[in-house]
Amino acid sequence: MIDLSHMTTETRNRNTMELSKMTSLEIITEMNREDANVPKAIHEVLPVIAEVVDWCVQSLSKGGRIFYMGAGTSGRLGVLDAAECPPTFGVSPDMVVGLIAGGEKAFIKAIEGAEDSVELGEKDLIQHNLTSDDVVIGIAASGRTPYVIGGLKYANSIGCNTASISCNIGSEIGKIAKKKIEVVVGPEVLTGSTRLKAGTAQKLILNMISTASMVGIGKCYENLMVDVMQTNEKLVVRAQNILMEVTEIDRETAKKVLEEAEGHVKTAIVMVLTGSGKDEANSLLSKAKGHISKALDINKQHE
């Protein structure tokens, strides 16, 4: 039998021992108070998160990928963060990959026993042709999920950089990963329900990793998402607004330049700010490895 008694995520919260007798307002007030502790706990591990981000930037810059691995809530959060990268940053769905124990069906409905398989974690990475250029990040609130352990061990064996995200000190996955992010948010309002504070902590950390990594490879200019994909009317307008904000041109001009740039906001910005055509703008961006600010610097050096 697995001993969970030593895990912070499984202990009872002394502030909510009377949860079943509380009013709706009392329940959500306690939840809100507990949730306020999450960012404070994450603050303690920011240096390690930054180190993982640096790994991810290095990996993505040389064609590698980021893999998130988890089961249940942890797996779903990884899949969610990965799924948001293509529309937000204009990257391939293969650049950030979310793997959940039991496969895609497990996102909606739990697949019994999937998380208990060490072999399945290894198998999923093999099926994605994992290479030493990739980064594997294992996510488990408890820090002991076999599926994640199997994935991390396999990733280590082929030379990947590996990291873990858990909500218990001394976690099993933390002992296996090359870098461990252990953020202790304390007992849950509802005992053992790690979709609450633990899940919130994991989501915030994944936000940090993916966003900072994408900024690091040039998917941002100032604080604007300059590689946004125009897949709906809102995003078409957002692309125009970004171009207008950076270059101070009007909307009609922005529409025209974006059309010339084949919808690429980043290219359009460089075109306007350097007075260049599409091909020259793309050449500058290529030399700058996708960073607009560096592309502008290169252009100035050649003026």
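Start by selecting Ile139 and Ile165: in this predicted model, Ile139 stands opposite Ile165 in S4. You've landed between two strands, S3 and S4, which run parallel and are joined by five bridges.

Now highlight the whole of strand S3, residues 135-139. Is it enclosed or open? Five of its five residues are buried, so S3 is largely enclosed by the rest of the structure. Turn the view to check both faces: Val135, Ile137 and Ile139 are buried on one side, and Val136 and Gly138 are buried on the other.

Next, hop to the neighbour, strand S1. It runs parallel to S3, with five bridges joining the two. For a landmark, pick Ile66, which sits opposite Val135 in S3.

Time to zoom out and show the sheet. Five strands make it up, in the order S2-S1-S3-S4-S5, with parallel pairing, and the sheet is open. Why do S2 and S5 each have a side without a neighbour in the sheet? Strand S2 (96-100) and strand S5 (179-182) stand at the edges, each with a single partner strand, so one side of each is left free of a neighbour there. Look along the sheet and you'll find neighbouring strands turned by 15° against each other on average, direction ignored.

Over at the S5 edge, select S4 (residues 161-166) as well: S4 and S5 pair in the parallel sense over four bridges. Ala163 is a handy marker here, standing opposite Lys179 in S5.

Add the helices that pack on the sheet. Helix H3 (residues 46-61) touches S1, S3, S4 and S5, and its direction makes about 135° with that of S5. Helix H4 (residues 72-89) touches S1, S2 and S3, and its direction makes about 155° with that of S2.

Now for the surface. Select Leu80, Phe107 and Ile108, which make a nonpolar patch of about 290 Å². Phe107 belongs to helix H5 (residues 105-108), and with 33% relative accessibility it counts as partly exposed.

Last stop: helix H12, residues 265-274. How many of its 10 residues are buried? Eight are, so to speak, tucked away, and the helix is mostly covered. Among the buried ones are Val265, Ile269 and Met271. Show helix H10 (233-247), helix H11 (251-260), helix H13 (278-287) and helix H14 (292-301) to see what the buried residues of H12 pack against. Step just past the end of H12 to finish at Gly275, which takes a positive phi of about 65°.

Notes. Residues numbered from 1 in each chain as written. Predicted model: local features only at pLDDT ≥ 70, side-chain atom pairs only at ≥ 80, totals over all residues. Heavy atoms only, no water. Pairing = 2+ DSSP bridges. Axes fitted to C-alpha atoms, helices over the stretch in contact; angles between N-to-C directions. Contact = heavy atoms within 4.5 Å. Patch = residues over 30% accessible without salt bridge, like charges linked within 9 Å, V, L, I, M, F, W, Y side chains within 5 Å. Areas by Shrake-Rupley, 256 points an atom, 1.4 Å probe, with all protein chains shown as cover. Salt bridge = Lys/Arg side-chain N within 4 Å of Asp/Glu carboxyl O. Buried < 20%, exposed > 50% of the residue type's maximum accessible area, 1.4 Å probe, protein only.
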